[in-house]
Amino acid sequence: MQGLFGFTPPREAIEIAHTAALRAVEADDRFYGGHSALGWVKLWTGNIDDACKFFKAALRLNPSAPAAMHGEADCLMFEGREEESLARLREMVKISPFSVIDNFPLPSHLYMARRYDEAIVEAKALHARIPQFPLHRFYSRVYWQQGLFEKALEEEKQECERLGDTALLAALEAGLADSGPGGAMRAMGEALVARAAESYVEPFIIAGFLARAGRVDETLYWLEKAVDNGSYEMHYMAFWPHLDFLRGTDRYQRLVERVYGPRAAEIRILEGELR
């Protein structure tokens, strides 16, 4: 979980998860959890086809296993079956309505589908069920894509205040004063780059700020770092709206090859349909 939430480099954590999942299957191959865990390991390491096989195996053993349902929803998304993917996630919410890890995928997938109003509705419903889960950064992403920059920055300010991150808040305010909303995102990204020289900062988080600032080369650099680190979010890279401005660059296309391997050509078709 430390790796999943960006507190430590994920590649080592994924290896530990892989070992644990293999042991679980060896101990009892009728237990769905081991198969589901292997599915996520495969997905995080770019093997989509094998991941989907493990999720199906887990669901044969337990048709209501939320983690496997989430994985199957991702597999459906990778096949361009958006409505079926979202339906699976809605079903997962009904089965496990008070678990953050089982509820957050629905608004996230709606964001990736560019269905921003629905993403906000589902995020607010999640917050009503689980009020202690902070959603400021998610709201900020969605509002930014809608062009609601003032609302997006207000959510970022609230997240900085919640975390007591005075340095990041100061960067936001200085960047905003200097060159508007894009400047605020650039300054926050640069503040995290400076922090990364002293402690671990998840590269895809840095890339997200720099992307919203429209910084092509810097965003690509940190996305490349995220792939090198095995960042968990990278298998969603082709679906992130805030990366649309990169899709025509050669460096981005090389990243698609690295992240999606033999599925790269299919993923590129889906990217075009989303835009």
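Mentor: A disulfide is a pair of cysteine sulfur atoms within 2.5 Å of each other, and by this rule the structure, which is a predicted model, comes to a count of one disulfide.

Trainee: What makes the pair Cys-52 and Cys-75 a disulfide?

Mentor: The sulfur atoms of Cys-52 and Cys-75 are 2.0 Å apart, and the limit is 2.5 Å, so the pair qualifies as a disulfide.

Trainee: Why is the disulfide of Cys-52 and Cys-75 called left-handed or right-handed?

Mentor: The torsion about the S-S bond of Cys-52 and Cys-75 is about -110°, and therefore this disulfide is called left-handed. Cys-52 belongs to helix H3 (residues 48-61) and Cys-75 to helix H4 (residues 66-78), so the bond ties together parts that are 23 residues apart in sequence.

Trainee: How do you know whether Cys-52 is buried or exposed?

Mentor: Buried means under 20% relative accessible area, and Cys-52, at 12%, therefore counts as buried. Its partner Cys-75 has 7% relative accessibility and is likewise counted as buried, while Cys-160, at 1%, is buried too.

Trainee: Helix H3 also holds Ala-58; why is Ala-58 called buried or exposed?

Mentor: Ala-58 has a relative accessibility of 0%, and the limit for burial is under 20%, so Ala-58 counts as buried. From Ala-58 to Pro-241 the separation is 183 residues in sequence and 31 Å in space, C-alpha to C-alpha.

Trainee: What makes the contact of Glu-83 and Arg-115 a salt bridge?

Mentor: A salt bridge needs a side-chain nitrogen of Lys or Arg within 4 Å of a carboxyl oxygen of Asp or Glu, and the closest N and O atoms of Glu-83 and Arg-115 are 2.7 Å apart, so the contact meets the rule. This pair links distant parts of the chain, 32 residues apart, with Glu-83 in helix H5 (residues 82-95) and Arg-115 in the loop between helix H7 (105-112) and helix H8 (116-129).

Trainee: Which residues are linked with Arg-115 in a network of salt bridges?

Mentor: The network consists of Glu-82, Glu-83, Arg-90, Arg-115, Glu-118 and Glu-122. Within it, Glu-118 also bridges to Arg-115, with the closest N and O atoms 2.9 Å apart. Arg-115 has a relative accessible area of 19%, which is under the 20% limit and therefore counts as buried, whereas Glu-118, at 32%, counts as partly exposed.

Trainee: What is said of Arg-114, which lies in the loop between H7 and H8?

Mentor: Arg-114 has a positive phi of about 65° although it is not a glycine, and with a relative accessibility of 18% it counts as buried.

Trainee: How do you know that Arg-212 and Glu-156 meet in a salt bridge?

Mentor: The N to O distance between the side chains of Arg-212 and Glu-156 is 3.1 Å, and the cut-off is 4 Å, so the pair is counted among the 26 salt bridges that a search of the whole structure finds. Arg-212 sits in helix H12 (residues 203-212) and Glu-156 in helix H10, so this bridge ties together parts that are 56 residues apart in sequence. Both partners fall under the burial limit of 20%, since Arg-212 has a relative accessible area of 10% and Glu-156 has one of 0%.

Trainee: What makes the patch of Glu-150, Glu-154, Glu-161 and Glu-173 negative?

Mentor: Glu counts as negative, and the four residues Glu-150, Glu-154, Glu-161 and Glu-173 form the patch, so the patch is called negative. Helix H10 (residues 149-163) gives the most to this patch, with three residues.

Trainee: Why does Glu-154 count as partly exposed?

Mentor: Glu-154, whose place is in helix H10, has a relative accessibility of 38%; buried would need under 20% and exposed over 50%, so the value falls in between and Glu-154 is called partly exposed.

Trainee: How do you know whether Arg-254 counts as buried or exposed?

Mentor: Exposed means over 50% relative accessible area, and Arg-254, at 51%, therefore counts as exposed. Arg-254 is found in helix H14 (residues 250-260), and its C-alpha atom is separated by 9.7 Å from that of Glu-224, which is 30 residues apart from it along the chain.

Methods:
Residues are numbered from 1 along each chain as its sequence is written. This is a predicted model: local features need pLDDT of at least 70, side-chain atom pairs count only at pLDDT 80 or more; totals for chains, interfaces and linings use all residues. Side-chain values use heavy atoms; hydrogens and water are left out. Patches are made of residues with over 30% relative accessible area and no salt bridge: like charges are joined within 9 Å, nonpolar side chains (Val, Leu, Ile, Met, Phe, Trp, Tyr) within 5 Å. Accessible areas come from the Shrake-Rupley method with a 1.4 Å probe; for residues, only the protein chains shown count as cover. The place of a charge is taken as NZ of Lys, CZ of Arg, CG of Asp or CD of Glu. Helices (H or I, at least four residues) and strands (E, at least two) are DSSP runs, numbered from the N terminus. Buried means under 20% relative accessible area, exposed over 50%, partly exposed in between (1.4 Å probe, protein chains only).
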